[in-house]
Amino acid sequence: MKNRIMTTAVLLLAPFFLHAQLLTPVKWTFSAHKMADKTYELHMTARIDKGWHVYAQQSGQGPIPASFRFEDTSGIRRDGAVQEKGALIEKQDPVFDSRLRYFENEVDFVQRVTVTAPDARVKGSLEYMACNDKECLPPKTVPFSFVMAGGELTVASAPAAALGGSRAAPPAAAAPDTTASSPEGIPEDASRISLWAIFLLGLGAGFAALIMPCIYAMIPVTVSFFTKRSETRKQGIRNAVYYSASIILIFTLLGFLGTLIFGPRAMNQLSSSAVFNIFVFVLFLIFGISFLGAFEIVLPGTWTDKINARSGLGSFTGIFFMALTLVVVSFSCTAPFIGNLLVWTARGGILGPVIGFFGFSLALAVPFALFAVFPGLLNRLAKSGGWLNTVKVSMGFIELALALKFLSSADLAYHWRLLDREVYLSLWIVIFGLLGLYLLGKLKLAHDSDVPYLTVTRLFFAIAALSFTVYMIPGLWGAPLKGISAWLPEMRTQDFNLYDIQTSGISGTAPASASGIRPKRYTDILHSEIPGVAAFFDYDEAITAARAEKKPLMIDFTGHSCANCRRMEREVLSDPEVRRMLQNDFVVASLYVDDRTALPEEERYISKLDGGKIGNMGAKNLDFEAMLINSNAQPNYVFVDQNGKVLLNAGGYDADIERFKGLLRSALEKYRQGNP
């Protein structure tokens with residue numbers, strides 16, 4: 001049996017390893033060749049894997065052309081433009097509907113320079129895009145620099161070569177030259193991330209995912225499931241081992257395989273799918289009602305007979321399906337972590353993906369394993385009283401509240417307006433208010449045992465529930481409720497918002513820009529979630545405004561169901577100084593990656609990343625994010641100049657306000673250096 005499982009795992013994981021090898025099909029080498037006394041040729045040579053190609057500097061309409069940026073040329077005079085040496089291919093491309101120009105196998109980009117000072121140096125970067133007949137990789141930037149050493153112009157730093165690839169041979173030279181190469185512009189001995197680092201990255205991503213709403217929601221389900229299956233501590237430990245192993249196996253195989261086969265957008269699209277979110281809403285609604293005592297959830301009789309034939313409901317089969325339920329439900333929260341983990345695991349060679357996802361699933365499995373052991377203790381303690389039923393009923397109230405989160409995700413993505421913020425809050429206020437009354441003994445269900453007196457523990461839980469209820473009430477009039485903002489619908493759905501009136505003077509608006517340009521596209525369905533800032537919701541519209549106002553553009557990759565996006569907006573972006581800088585020094589674009597608003601027919605296209613059809617706003621923004629920064633996580637804050645070139649990738653959620661202020665100042669300084 002074990003051999004059969006291992007064989008299946010190897011066969012399933014085999015495609016992963018091939019894909020990891022193809023992540024960087026272009027290997028770069030830089031060299032300087034002396035042509036005369038003070039004249040040199042700087043060679044930037046690309047060795048291209050079979051089946052792939054790199055676009056020329058004049059590539060045609062559509063793909064990203066090869067381009068070169070010389071940032072520091074002290075003591076150097078550039079003689080003419082960068083020349084291309086290679087077998088140029090010119091071909092009509094049906095996807096881009098343009099005649100494209102590109103190179104295969106090898107291309108040498110040459111810049112001739114004249115040295116005018118003894119301390120001459122050249123520093124810059126190149127940008128290129130690699131494609132094959134099926135997909136294109138996101139554009140990559142490769143740094144380079146040359147300096148005078150020993151009276152000769154030599155390479156000072158390394159280019160970004162292929163991950164784990166071999167060095168490319170330098171071109172033929174008229175004189176001795178210095179050539180250097182190493183992955184990603186870092187020292188060659190550090191080009192690979194160690195497997196320990198990959199494991200720790202996966203472990204960290206897994207623990208981070210634990211705090212997401214849909215992961216938390218499975219804890220009471222786990223307790224309920226194992227309560228009836230762990231009569232002894234020995235049984236509880238055995239079940240915990242089975243459960244943990246199942247989570248690790250399923251997450252490693254299904255999570256990684258699904259992302260690889262269906263592309264970087266698949267999980268994000270699943271998490272914002274109306275069918276998926278409504279299914280989970282109904283699932284948790286049923287769980288909640290069951291916990292309240294309306295009925296018991298049991299397997300169908302035919303299923304029970306089959307499982308009993310294999311050793312009963314406590315067998316590995318039943319536990320495996322419980323683990324599968326956890327994995328399916330948690331996809332909506334874990335997709336961003338898995339997407340980013342894929343980028344890092346590629347640097348670990350063949351074992352990188354396996355080790356990374358093992359760490360990720362281990363972090364998820366360990367806490368749930370503890371809850372799988374805990375029900376055994378609950379069963380023994382439950383005999384002394386009816387407090388265990390109180391725990392289950394309390395969890396039933398919580399399940400009903402959590403169910404609303406999934407319905408809200410679908411509601412926001414499709415703009416149904418069923419669960420506006422005040423409606424959502426009203427339901428939570430009633431649910432947690434009833435929970436408080438239940439804990440005080442003022443509300444009694446049919447299956448509850450008599451409570452002769454109120455214990456101190458129960459009193460404190462009642463105080464917590466009722467205090468939380470009172471805390472939420474001001475939210476009905478627009479209070480930001482920062483403590484739970486990640487769980488609530490977007491502020492734009494609030495019909496009456498005193499907080500927005502206080503922030504910007506007029507609800508739903510922000511100060512006019514210097515050029516008078518205001519967001520137009522999608523403003524009928526979207527409103528800025530960054531207090532006091534008039535955000536654009538279309539990149540083309542935003543970049544046009546940035547050019548007109550001569551300001552850098554901050555791209556806020558966000559989502560309707562993104563909990564950490566709401567936290568950043570209320571905890572960091574609402575800070576007065578941050579808001580002032582965004583209003584005065586930047587143009588802001590909030591690009592929703594999970595919005596299902598259909599694109600006009602003329603704007604639909606086929607993704608060059610994975611060949612998928614881009615037919616709605618969210619898919620378009622997610623595809624753009626992957627192309628721009630090779631990531632599909634939210635939130636993500638990226639600063640670009642007027643030409644769309646990345647100035648700074650500020651990353652995602654971090655509640656450090658001072659850090660974000662520093663990032664704003666850094667992005668502004670980089671913009672001013674390039675646009676004096």
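How many of the 676 residues of this protein count as buried, as a percentage? The answer is 51%. Hello everyone, and thanks for coming. One thing to keep in mind as we go: what you have in front of you is a predicted model.

Let me start with the overall picture. The protein has 19 helices and 20 strands. If we take the contacts with a separation of 6 or more, 71% of them are between residues 24 or more positions apart. I'd like to walk you through a hairpin, two helix pairs, a sheet with its helices, and a couple of arginines.

First, the hairpin. Please find strand β1, residues 26-34. Is β1 mostly covered or mostly exposed? It is mostly covered, with 8 of its 9 residues buried. A hairpin of 4 residues takes us from β1 into β2, and β2 covers residues 39-48. These two strands run antiparallel and are joined by 9 bridges. If you want a place to put your finger, V26 has I48 in β2 as its bridge partner.

Now the helices. Look at α12, residues 421-439, and α13, residues 456-472. They pack with their axes 8 Å apart, at an angle of about 160 degrees. An angle over 145 counts as roughly antiparallel, so that is what we call α12 and α13. Their crossing is left-handed. On the α12 side, the contact includes L425, W428, I429 and F432, and on the α13 side it includes R458, F461, A462 and A465. What sort of residues make up the contact of α12 with α13? They divide into 14 nonpolar, 3 polar and 1 charged.

Let's stay with R458 for a moment, which sits in helix α13. Is R458 buried or exposed? With a relative accessible area of 13%, R458 is buried, because the cut-off for that is under 20%. Leaving out residues up to four places away in sequence, R458 touches T390, Y438, L439 and V451. Two of these names, Y438 and L439, also appear on the α12 side of the helix contact. R458 and L440 are 18 residues apart in sequence, yet their C-alpha atoms are 7.3 Å apart in space.

The second helix pair is α17, residues 576-585, with α19, residues 657-674. Here the angle is about 20 degrees and the axes are 10 Å apart. Angles under 35 degrees count as roughly parallel, and α17 and α19 are therefore roughly parallel to each other. The crossing of α17 and α19 is left-handed. In α17 the residues involved are E577, V578, M581, L582 and D585, and they meet I657, F660, K661, L664, R665 and L668 in α19. This contact divides into 7 nonpolar, no polar and 4 charged residues.

On to the sheet. In what order do its 4 strands come? The order is β16-β15-β19-β20, in an open sheet with mixed pairing. At the edges stand β16, residues 587-592, and β20, residues 646-649; each has a single partner strand, so one side of each is left without a neighbour in the sheet. On average, neighbouring strands here are turned by 25 degrees against each other, direction ignored. A quick reminder: strands of a sheet pair through backbone hydrogen bonds, either parallel or antiparallel. For β15, residues 553-558, and β16, the sense is parallel, over 6 bridges. One of the bridge pairs is L553 with V587 in β16.

Which helices lie across this sheet? One is α15, residues 539-549, which lies across β15, β16 and β19 and runs at about 175 degrees to β16. Another is α18, residues 617-629, which lies across β15, β16, β19 and β20, at about 120 degrees to β15.

My last stop is R521, in the loop between α14 and α15. R521 has a relative accessible area of 23%, so this arginine is partly exposed, whereas R458 is buried. Which residues does R521 contact, leaving aside its neighbours within four places in sequence? They are F537, D538, E541, P600, E603 and K620. One of them, D538, is 17 residues from R521 in sequence, and the two are 6.5 Å apart from C-alpha to C-alpha.

That's my tour. I'm happy to take questions!

Definitions and conventions:
Residues are numbered from 1 along each chain as its sequence is written. This is a predicted model: local features need pLDDT of at least 70, side-chain atom pairs count only at pLDDT 80 or more; totals for chains, interfaces and linings use all residues. Side-chain values use heavy atoms; hydrogens and water are left out. Two strands pair if DSSP finds at least two bridges between them. Axes are lines fitted to C-alpha atoms, for helices over the stretch in contact, and angles run from 0 to 180 degrees between N-to-C directions. Contact means heavy atoms within 4.5 Å. Angles under 35 degrees count as roughly parallel, over 145 as roughly antiparallel, 65 to 115 as roughly perpendicular and the rest as oblique. A crossing is left-handed if the near helix is turned anticlockwise from the far one by less than a right angle, and right-handed if clockwise. Ala, Val, Leu, Ile, Met, Phe, Trp, Tyr, Cys and Pro count as nonpolar, Asp, Glu, Lys and Arg as charged, and the others, Gly among them, as polar. Buried means under 20% relative accessible area, exposed over 50%, partly exposed in between (1.4 Å probe, protein chains only).
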